[in-house]
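This briefing goes through a structure for a reader who has not met it before. Please look at the sequence and the model first.

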Amino acid sequence: MRGGHDLGGQVDMGPINPEAENEEPVFHAEWERRVFALTLAAGMLGQWNIDESRHARERQDPLTYVKNSYYENWLEGLEKLLLEKELISSNELQQAVAIEISLASQRFSVPNPEQTKKILYSGTPSLMETDSEPRFQIGDRVLVKPSDSTGHTRAPRYAQGIVGTVSARLGCHSFPDSNAAGGHEGKQLYRVIFDGTDLWGTESDKTEVAIDLWEPYLEQANA
Amino acid sequence: MSHDHTEPPSDLELRVKALESLLVEKGLVNPDALNIIIDTYEHKVGPRNGAHVVAKAWTDQDFKQVLMQDATEAVAGLGYCGRQGEHLQVVENTADTHNLVVCTLCSCYPWTVLGLPPAWYKSAPYRSRAVSDPRAVLREFGTELDPGKKIRVWDSTSEMRYLVLPQRPEGTEGWSEGQLQQLVSRNSMIGVELARAADASARGES
């Protein structure tokens, strides 16, 4: 989807102003620490996947997305998912008391500390089994298809309509566009290298951008 | 951050407290599990992991060979595995090419070897310009590259996670892995800086 999150190539977003590496804390406030932990812990209930989680943060008015601090967008996404998956109600959220939705019949388990640690250290690989063969070869010139999808996608807007060269075939990985809609489907993933001059103009020679793109985003470019 | 106790909590703090108490009351999260998550990313997983990987690659050719072929496997051998490191790829800086990592669409970052990303990595200014004007971005970090050097920017759009292997600083022949680790900054493994220059004090620290 086109949204405030699709930031590559936007101009005039201001200076970066990095904090000194050795002085920056992991979290800048207690509430950030809580939002981070709540998001990971709630994610472990298995009621949504990582792309649904990203999509929930993206589905905001673009100005709000850009203006919000990072963990405000996480909080926004977490509340939205909890409401949409009916784990909480908006009355409960407003009053901060469990009054409406009973979870007694739910068939999920809440990981204890030991299980939580195990989940953190094992991760969730996106590589999937497949019988399909990759359609593109290394060295192929491919075009990123323009998209007006209103759903979640991982084809950045700045690369859409641009031709690049396949430099690696990365295997069959869980496809974000389907994943975010609650499906689970694998598609071939490629590393595609773009010349800076094709993306941004002649002053960007000596620059390349490598982007990981799924097969449905691509079509063969004319030789 | 220090907090003045006379200052009333912000709306945001209240909103987060309310959400946490609701989720705990409903049994949706385990409070001790929250503490495990915070402790893991605040104290256990961080850029020292990545510095270990880089220094080992600089001193052990066999390790480097495995690392460049299958970084996920190679760093798992050092005990670094899990969330946001399921598919790790190491990209090597050379005399001709400098690498820079970004996630223009969100904040993808190799947690297993670098921990959680710094605030600037997640910010709109970095995410927007790292792909379109990487040389200017590097300059904001005080990094000036030879104008003839090519920059390759890695936009982390999939679950592949990228770690930059910086060039080993000159004058470090004979340094131990532990000594070399002191030269490997987090920023050099994202690609916004080079590894720290060798000096005697760094060598003395280990």
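In which sense do β2(B) and β3(B) pair, and over how many bridges? The model is a predicted one. In it, β2(B) and β3(B) run in the parallel sense and are joined over 6 bridges. One of the bridge partners is V102(B), matched with D155(B) in β3(B).

**The shared sheet**

- An open sheet of 7 strands has mixed pairing and follows the order β5(A)-β1(A)-β2(A)-β3(A)-β4(A)-β3(B)-β2(B).
- Its edge strands, β5 (218-220) of chain A and β2 (97-102) of chain B, each pair on one side only.
- On average, neighbouring strands of this sheet are turned by 35° against each other, direction ignored.
- α7(B) packs on the sheet, where this helix touches β4 of chain A as well as β2 and β3 of chain B.
- The direction of α7(B) makes about 150° with that of β2(B).
- Strand β4 (residues 207-214) of chain A pairs with β3(B) in the parallel sense over 5 bridges.
- E208(A) has R152(B) as its bridge partner in β3(B).

**The interface between the chains**

- Contact involves 81 residues of chain B and 88 residues of chain A.
- The two chains bury about 7500 Å² between them, with 62% of it on carbon and sulfur atoms.
- Between chain B and chain A there are 8 salt bridges.
- One salt bridge joins the side chains of E159(B) and R54(A) at 2.8 Å, N to O.
- Elements of chain B that each supply at least two residues to the side touching chain A include α1 (11-25), α2 (31-44) and β4 (160-165).
- The residues on that side of chain B comprise 39 nonpolar, 19 polar and 23 charged.

Conventions
Residues are numbered from 1 along each chain as its sequence is written. Chains are lettered from A and ligands numbered from 1 in the order in which they are written. This is a predicted model: local features need pLDDT of at least 70, side-chain atom pairs count only at pLDDT 80 or more; totals for chains, interfaces and linings use all residues. Side-chain values use heavy atoms; hydrogens and water are left out. Contact means heavy atoms within 4.5 Å. Buried area is the accessible area (1.4 Å probe) that two parts lose on being put together, summed over both. A salt bridge is a side-chain nitrogen of Lys or Arg within 4 Å of a carboxyl oxygen of Asp or Glu. Helices (H or I, at least four residues) and strands (E, at least two) are DSSP runs, numbered from the N terminus. Ala, Val, Leu, Ile, Met, Phe, Trp, Tyr, Cys and Pro count as nonpolar, Asp, Glu, Lys and Arg as charged, and the others, Gly among them, as polar. Two strands pair if DSSP finds at least two bridges between them. Axes are lines fitted to C-alpha atoms, for helices over the stretch in contact, and angles run from 0 to 180 degrees between N-to-C directions.
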